[in-house]
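Here's a quick briefing to read with the model open beside you. It goes through the sheet, then the helices, the pocket and a few backbone oddities.

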Amino acid sequence: MASTTLLKVTNVSKSFPTANGDYLALADISFEVQRGSVVAVVGPSGAGKTTTLRCLTGLLDVTTGEVAFDGHPISGVPDGVAAVFQDYSRSLYPWLSALGNVMLPLRARGVSRTNAKVAATESLQAVGLEGKESSYPWQLSGGMQQRVALARALACNPQLLVMDEPFASLDAQTRMDLEDLVLALHREKGVTILIVTHDIDEAVYLSNTVVVLSAPPTTVAEIVDVPLSMDRSQLTTKESPAYIAARHKVLAHVRRSEG
Ligand code: ADP
């Protein structure tokens, strides 16, 4: 039987060489991501949230420690991981249509043109972009472009969807719509999600577990459970006592980490 742990991070550290010697960005990071869960990583600015995500997805080598995905230590980006980044304007190819952008990783994996077109069309439908298949990124709003990036990430049926501040560049209303889209996709597809955000409300609203990072040299300051069903609403969830208590805990730990 498959283990319930999809991603296991054990005593990871990461140093960057600088003119003044090595800079220890991550001192000691350990946590687990269970299959089917949503885990949010928060922390003060410069805490190493992006560095953590890059180490966990094989985009950066760790200095010490181990990251295991699906039971195996990673080296490079594992199959089964897809990513959505903050800067949608640079992550989509402007010379390809929405459909072309979503088909690209499928074609790169050897999926036939016909099958890639079917899968990409379905994925665009799932993110609410039916009818926009032939639009180019520059013809779409920021929110729509980020939906294309989400459709592209989901088209390959990843086991783990990682997102780095995916909605930080969007206006508040679009951001809420996309948070709810992510929750709906999570419910429908059961994909495991790891999201990095500096927004504490977003972290608590989207996740089962919030990992709070300390200031550098960074460790895990606290792991906070969010004891709410995944059937969430921007109105009622955010007024529920369990949400408010979890938000309070996370905010208190972030404030403490900021010193
Ligand atoms: P966060 O996402 O929490 O704002 P980052 O992960 O972007 O933080 O960065 C954490 C720290 O590591 C910062 O001080 C940053 O300057 C440093 N850092 C990140 N990448 C590099 C790099 N390639 N070389 C040197 N320092 C880096």
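Strand 1 and strand 2 form a hairpin, with two residues joining them. This is a predicted model, so take everything below as a reading of computed coordinates. The hairpin belongs to an open sheet of ten strands with mixed pairing, and the notes start there.

**The sheet**

- Going across the open sheet, the strand order is 5-4-1-2-10-9-3-8-7-6.
- Which strands stand at the edges? Strand 5 (72-73) and strand 6 do, and each has a single partner strand, so one side of each lacks a neighbour in the sheet.
- Strand 1 and strand 2 run antiparallel, joined by ten bridges.
- Strand 1 (residues 5-18) also runs antiparallel to strand 4 (residues 64-69), this time with five bridges.
- V9 is a handy residue to click on if you want to see both pairings: its bridge partner in strand 2 is F31, and V67 stands opposite V9 in strand 4.
- Strand 2 (residues 21-34) and strand 10 run parallel, with two bridges between them.
- To find that parallel pairing on screen, look for D28, whose bridge partner in strand 10 is T219, and for L26, which stands opposite T218 in strand 10.
- Strand 10 also pairs with strand 9, here in the antiparallel sense and over five bridges.
- Within that antiparallel pair, V210 has V224 of strand 10 as its bridge partner.
- Strand 9 and strand 10 make a hairpin too, with four residues between them.

**The helices**

- How much of helix 1 is buried? Six of the eight residues of helix 1 (residues 49-56) are, so the rest of the structure largely encloses it.
- The buried residues in helix 1 are K49, T51, T52, L53, C55 and L56.
- Just after helix 1 comes G58, with a positive phi of about 80°.
- Helix 5 lies across strand 6 and strand 7, and runs at about 170° to strand 6.
- Helix 7 (residues 200-206) holds Y205. Is Y205 buried or exposed? Y205 counts as buried because its relative accessibility is 0%, and the cut-off for buried is under 20%.
- Leaving out residues up to four places away in sequence, Y205 touches E179, D180, L183, R232, S233, Q234, T237, K238 and Y243.
- For a sense of scale, the C-alpha atoms of Y205 and S112 are separated by 38 Å, while the two residues are 93 residues apart along the chain.

**The largest pocket**

- The largest pocket has a volume of about 530 Å³.
- It is lined by 23 residues, and the closest to its centre are V81, A82, A83, P105 and R152.
- Which elements give two or more residues to the lining? They are strand 6 (81-85), helix 3 (98-108) and helix 5 (142-155).
- Strand 6 gives the most to this lining, with five residues.
- Sorted by class, the lining of the largest pocket comes to 15 nonpolar, four polar and four charged residues.
- Two of these elements have come up already: strand 6 stands at an edge of the sheet, and helix 5 lies across strand 6 and strand 7.

**Backbone oddities**

- As background, most residues other than glycine have a negative phi, and most peptide bonds are trans.
- The peptide bond from P216 to P217 is cis, with omega near -5°.
- P217 is found in the loop between strand 9 (209-213) and strand 10 (218-225), where those two strands form their hairpin.
- N157 isn't a glycine, yet it has a positive phi of about 50°.
- You'll find N157 in the loop between helix 5 and strand 7 (160-164), and it is exposed, with a relative accessible area of 62%.
- E165 also has a positive phi without being a glycine, near 45°.
- E165 sits in the loop between strand 7 and helix 6 (172-189).
- Is E165 buried or exposed? At 10% relative accessibility, E165 counts as buried, whereas N157 is exposed.

Key. Residues are numbered from 1 along each chain as its sequence is written. This is a predicted model: local features need pLDDT of at least 70, side-chain atom pairs count only at pLDDT 80 or more; totals for chains, interfaces and linings use all residues. Side-chain values use heavy atoms; hydrogens and water are left out. On a 1 Å grid over the protein atoms alone, a cavity is a set of points where a 1.4 Å probe fits but cannot get out, and a pocket is an open set with protein on both sides within 12 Å along at least five of seven lines; lining residues have an atom within 4 Å of a point. Grid points are joined across faces, edges and corners, and a volume is the space filled by probe spheres set on the points. Ala, Val, Leu, Ile, Met, Phe, Trp, Tyr, Cys and Pro count as nonpolar, Asp, Glu, Lys and Arg as charged, and the others, Gly among them, as polar. Buried means under 20% relative accessible area, exposed over 50%, partly exposed in between (1.4 Å probe, protein chains only). Two strands pair if DSSP finds at least two bridges between them. Contact means heavy atoms within 4.5 Å. Axes are lines fitted to C-alpha atoms, for helices over the stretch in contact, and angles run from 0 to 180 degrees between N-to-C directions.
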